Amino acid sequence: MNLEKRNKVFIDRDKLYNLLDRKAPQENELDEILNKALKLKGLSLTDVAALLCTEDEKQIEKIMQTAHTVKEEIYGKRLVLFAPIYTGNVCCNNCTYCSFRKDNHQLKRKILTMDEIADETRALLRQGHKRVLLICGENHKNDTSYMCEAIRTVYGVKERGGKDYIRRINIELAPMEVEDFRRLHEQKIGTYVCFQETYDPVEYKRFHPAGTPKADYEYRLTVMDRAQEGGINDVGIGALLGLTDYRFEVMAMIEHANHLEECFGCGPHTVSIPRLEPAQGAPDAQNVPCPVNDGDFKKLTAVIRIALPYTGMILSTRENSAMRNVLINYGISQISAGSRTNPGAYAEDGKGTGSQFELGDHREMEEVINSFIDEGYVPSFCTGCYRKGRVGGDFMDLAKPGLIKQYCLPNALFTFKEYLEDFAGEDTKRKGTALIKRMLEEYDQRQLIPKIEKNLVEIENGQRDIYF
Ligand code: SAM
Ligand code: SF4
């Protein structure tokens, strides 16, 4: 482990742009890189640059097929579902792409009370959610004490006589100090998520005006180092795609993963790939500086999948249902469902509050679940690893030799079965039950089948929250 590199700037802008200053790979170079990718050990920055520099449809198709194989090998046919709870839209920053920016005087602002956060939680539990992401603008009222109380509030909500409760809370908050992370860690958060927006230090200044806390590129870049020091093992990185050259941002995310691996022995738990969406009162969201077209978006998803094979990839409801259904085949392992981006949206329809950006997928949770079943994917609400302490480096040690498969599919099936029993309509239940049967028939860990079947029967008989 290299502790000297902690809290230091690890992005060399010129190095990354220079690596991208090249021609598309020849066929033999491409094949060599993709064969390497199939060994599931990731790729170097030079390899990633080569893949990102191709525009050739046949080459892109080969990259996507490789990503599909890697995804199937490591994650199989399961997809983890979650929903965000926006606790507030007040913000002291002025990011040029976001509706929550402080100069957007048209936005109706609100910070939820603890009672309102409990109402939001109940509304999500009634849809069948078990995992939430707490998220908000940056402001002094959304400080660590407020967030700690919010976390306790969400975990404290019990529905249907204590049967339903949120089992994992991830948080997406502005960068903070090590001591704040310690306090959040004590509240048992899962992953800490924060997007760098752009890793390009020059461009960063354009989008994050001076005088706001967010203007400090370096403080944001090193936030995951502080999170790790504060005891948070699972961290989630991301770049807001559309601000600069997407190829640079992908290279930088790989570099960020390398930095974390080098300093802490474990890369990020997740990578997110938010694409800039239209947002009211946000000039750079109305006139996207470097739009990422659908073809490039699919390619970059596939490249990240094969470059960081063990890192979860998150896609939000920024994307429409067609894009989401495609990308689950090429890399995405976690997806939000039934999301709203304004405070109070689930319990109160967010009456009187403004959203952060326009959604691409407006479907309710059951509709989303139905479409994933139709694609042959098992919707999972699993929180097993985190609750068994399989986090950070321990998780990666298990994931790398493929052992995670022994836990993930059974746990996914248990939580999916719970969903079908408790929340699904007749048609979804029938299709879902057939999918579980098919998954068990195809499952290669045959020695586990009797135990899994026994647990599924127990769930049918009313037992809940079973996991390996
Ligand atoms: N305020 C905190 C921060 O900036 O770190 C918490 C996260 S903010 C509510 C969530 C993320 O939304 C931002 O990091 C940004 O990447 C993304 N975002 C902002 N405006 C967006 C837009 N117009 N379209 C898509 N994503 C956007
Ligand atoms: Fe505030 Fe975050 Fe939006 Fe920037 S992206 S204006 S910090 S909520």
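## A first look at ligand 1

How far does a backbone N or O atom of tyrosine 97 lie from a nitrogen atom of ligand 1? In this predicted model, the distance is 2.9 Å. Two side chains also bring an N or O atom to ligand 1. For glutamate 197, the partner is an oxygen atom of ligand 1, at 2.5 Å. For arginine 318, the partner is a nitrogen atom of ligand 1, and that pair is 2.9 Å apart. On its own, ligand 1 has 560 Å² of accessible area, and the protein covers 97% of this area.

## The surroundings of ligand 1

Let's step back to the whole shell. There are 20 residues around ligand 1, and those that come nearest are Glu197, Lys214, Arg220, Glu277 and Arg318. Sorted by class, the shell holds eleven nonpolar residues, seven charged ones and two polar ones. As for its place in the protein, ligand 1 sits in the largest cavity.

## The surroundings of ligand 2

Now for the other ligand. Which cavity matches the space taken by ligand 2? Here, too, the answer is the largest cavity.

Around ligand 2 you can find Cys91, Asn93, Cys95, Tyr97, Cys98, Phe100, Arg101, Gly137, Lys214 and Gln356. This shell is made up of five nonpolar, three polar and two charged residues. Try picking out Tyr97 and Lys214 in the structure: Tyr97 is among the residues around ligand 2, and its backbone also has the N or O atom that lies 2.9 Å from ligand 1. Lys214 is around ligand 2 and is also one of the residues that come nearest to ligand 1.

## Two domains in one chain

Finally, look at the chain as a whole. The domain assignment gives domain 1 as residues 72–389 and domain 2 as residues 405–460. Their centres, taken over C-alpha atoms, are 28 Å apart. Domain 1 brings 26 residues to the contact between them, while domain 2 brings 20 residues.

Key: Residues numbered from 1 in each chain as written. Chains lettered and ligands numbered in written order. Predicted model: local features only at pLDDT ≥ 70, side-chain atom pairs only at ≥ 80, totals over all residues. Heavy atoms only, no water. Near = heavy atom within 4 Å. 1 Å grid on protein atoms, 1.4 Å probe; cavity = no way out; pocket = protein on both sides within 12 Å on 5 of 7 lines; lining within 4 Å. Sits in = over half its atoms within 2 Å of the grid points. Nonpolar A, V, L, I, M, F, W, Y, C, P; charged D, E, K, R; others polar. Polar contact = N/O pair within 3.5 Å; in protein donor to acceptor, adjacent residues only side chain to side chain. Areas by Shrake-Rupley, 256 points an atom, 1.4 Å probe, with all protein chains shown as cover. Domains from an automatic or database assignment. Contact = heavy atoms within 4.5 Å.
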